[in-house]
Structure formats: C-alpha cells, structure tokens
Amino acid sequence: SRIEMASKKYLIIDELRIAIYGLIIGLGSLPAYYAIGKSMATLAILLIAIAILYNLLSFIRNPKFVHILATAIFLGFTIDVGVYLAMYTIMLRYFGCYMVSLAFFHWSEYATTAIFNAKTLSMDSFLLNHSIQYASAAIASWIEYFIELHFMPSLKSIHWLSYIGIIMVVCGDFLRKRSMFVAASNFTHIIATKKVPSHQLVTHDVYSLCRHPSYVGWFWWSVGTQVVLCNPICLIGYTFASWNFFNDRIQDEEAYLLQFFDQEYVDYMRKVGVGIPFIRGLQLSRMK
C-alpha cells in the first residue's frame, strides 16, 4: 500500500540520518578530547552533542538503529585516528592515510546505497562483513606493514610511491561511487538473478568507458591501499586475489545480463571493454 511504501521510505531516510550522526560523533571524538579544556570549544561541542542526542532519542530504542549508529561511530573514529596519524606522526603517516581511505570507503558504501538505491539498504551495505577472505586480507596487510616497519623502516618512507597509492585510492573510490550514482536503482551489491521491471541497461557516463566501472574502481582502490602502505607482499596478493574475484564475478554477472537484455547487451559488450586489465568478461564465442 501507499502507506507502507511511505513508511519504508521514511525508515530508510532515518537510517541514513543515523549513519551521518554516527560519523559526526566518531569524527568529533578526538577534537572534543583535545578541546575540552577550552571554554568556547567546550561550549560548542556540548551544543552540537545536545543537538545530535535530541535527534537520536526517537531512534535509539530500535536495535537496528543502534547497530547502524555504533558502526558509523566506529568508522568515524577510525577516520579521526587516521587523520591524526597522517598529520602528527612520521612513521605512521601513510598508515593513517590508509585508515582514512578504508573507513571512508565502507561508510560511503552505506551512505551511497541509502541515497541512490534505498530499497536494497541493510547493514550488509557497509560491506564490513564482505567475506572471511576480505577480512583476512586486511589483517594480513596490517601484519606485513608493522613487521616491515620494525625491521625495514626505510621501506615505509618511499613517499612518491605512497603518493601514487593515494591517487589510486581516491580515483578508484570516486569511480566506484560515481558508477553507483549513475546506475542508481540498477546498482546492487549482490548479483541480480532476476530482472525486475525497473531494471535498465546503463551505458552512459562512466559506463560508456567500461562495462563494470564499480568493479574497476574497487579493484584499483584495493590495490592502491597496498601501494599507500608500501606492502610488496600484500600488493602482489591483493592484485592476484582481486583480479581472480572480479574475473569470476564479472563472468557470472554478464551471464545474467545477457539473459536480461539479450542483443542489447551483446552490442554493448562489443563496443565497451570490461575495464580491468586482462579481464575480458564472458566470451560470446563460447556461448555459440
């Protein structure tokens, strides 16, 4: 019914609002700590905190909202710590940059989904529970970074390489979010196995440059994080693992897209490449 649809829409708006409040609380935690002794700064912080808490009161009893709030606070605080390390330390400068990029990537995945495809929004939209392999890869990169920092600190001070990594991370994340914006309701985190009436083939904007810009962006963002950290072992591992993951996923997804759009998608495949080096996608010749 219209009432149920309106209620669902309002709920999604609330979820995004909670995620924004959580991010603000997390981002403000360290500055609040350092400014607490200054009267004017303390007053400003208290006023902001009161305003946020006032808006949170109507949501806090819902367990779902509590989980969203806690996750967003955690990601905001991670960004906060990352900014501090990047600005006020030398040895951990680039690890701080990495922390910022990692936390923002996951928070913005949720926020972008809430804005452009609210009907698919869930806690999974943060992508923090993507897979055991994803979490293991992240932990492995942290272990490598600190082991090499201890035994080979000069390896973590190759500034020009880390700068290239930062560019890769920023551009990769931008391309992914741009593709989500352009695709709007046609974008989902899970491969669609059934075509819905609203499903359209998107071929303009970044989709005119490559067939899977969201995967291309994620691929270069993932590889870029290891370039930022100057992690030679995980750089190879991330590149190999990401390439294999997207190679398999793209072939599965394109099999469904061919079912959905038939000749229209065939024509698109012939005009536009996948976008990730050496990944060609589903081969039409094999389907004959």
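A residue is called buried when its relative accessible area is under 20%, exposed when it is over 50%, and partly exposed in between (1.4 Å probe, protein chains only). The structure is a predicted model, in which local features need pLDDT of at least 70 and side-chain atom pairs count only at pLDDT 80 or more, while totals for chains, interfaces and linings use all residues. Residues are numbered from 1 along each chain as its sequence is written, and side-chain values use heavy atoms, with hydrogens and water left out.

**Exercise 1.** Determine which secondary-structure elements the chain contains and what share of its residues is buried.

*Solution.* Step one is to read the DSSP runs, where helices (H or I, at least four residues) and strands (E, at least two) are numbered from the N terminus. The chain has nine helices and zero strands, which gives the pattern α-α-α-α-α-α-α-α-α along the sequence. Step two is to take the accessibility, by which 43% of the 288 residues are buried.

**Exercise 2.** Find how the side chains of Lys64 and Glu15 meet, and state for each residue whether it is buried, partly exposed or exposed.

*Solution.* Step one is to apply the criterion for a salt bridge, namely a side-chain nitrogen of Lys or Arg within 4 Å of a carboxyl oxygen of Asp or Glu. With an N to O distance of 3.5 Å, Lys64 and Glu15 form such a bridge. Step two is to place the partners: Lys64 belongs to helix α3 (residues 63–88) and Glu15 to helix α1 (residues 2–35), so the pair ties together parts that are 49 residues apart in sequence. Step three is to compare accessibility, where Lys64 is partly exposed at 36%, whereas Glu15 is buried at 4%.

**Exercise 3.** Analyse the salt bridge between Arg176 and Glu109, and identify the network that holds these residues.

*Solution.* Step one is the distance, since the closest N and O atoms of Arg176 and Glu109 are 2.7 Å apart. Step two is the location: because Arg176 lies in helix α6 (residues 159–183) and Glu109 in helix α4 (residues 93–116), the pair ties together parts that are 67 residues apart in sequence. Step three is burial, with Arg176 buried at 1% relative accessibility and Glu109 buried at 0%. Step four is the network, in which salt bridges link Glu109, Asp173, Arg176 and Lys177.

**Exercise 4.** Describe the salt bridge between Lys156 and Glu148, and give the number of salt bridges in the structure.

*Solution.* Step one gives an N to O distance of 2.6 Å between the side chains of Lys156 and Glu148. Step two shows that Lys156 is buried at 4% relative accessible area, and Glu148 is buried at 6%. Step three is the count, which is eight salt bridges for the structure.
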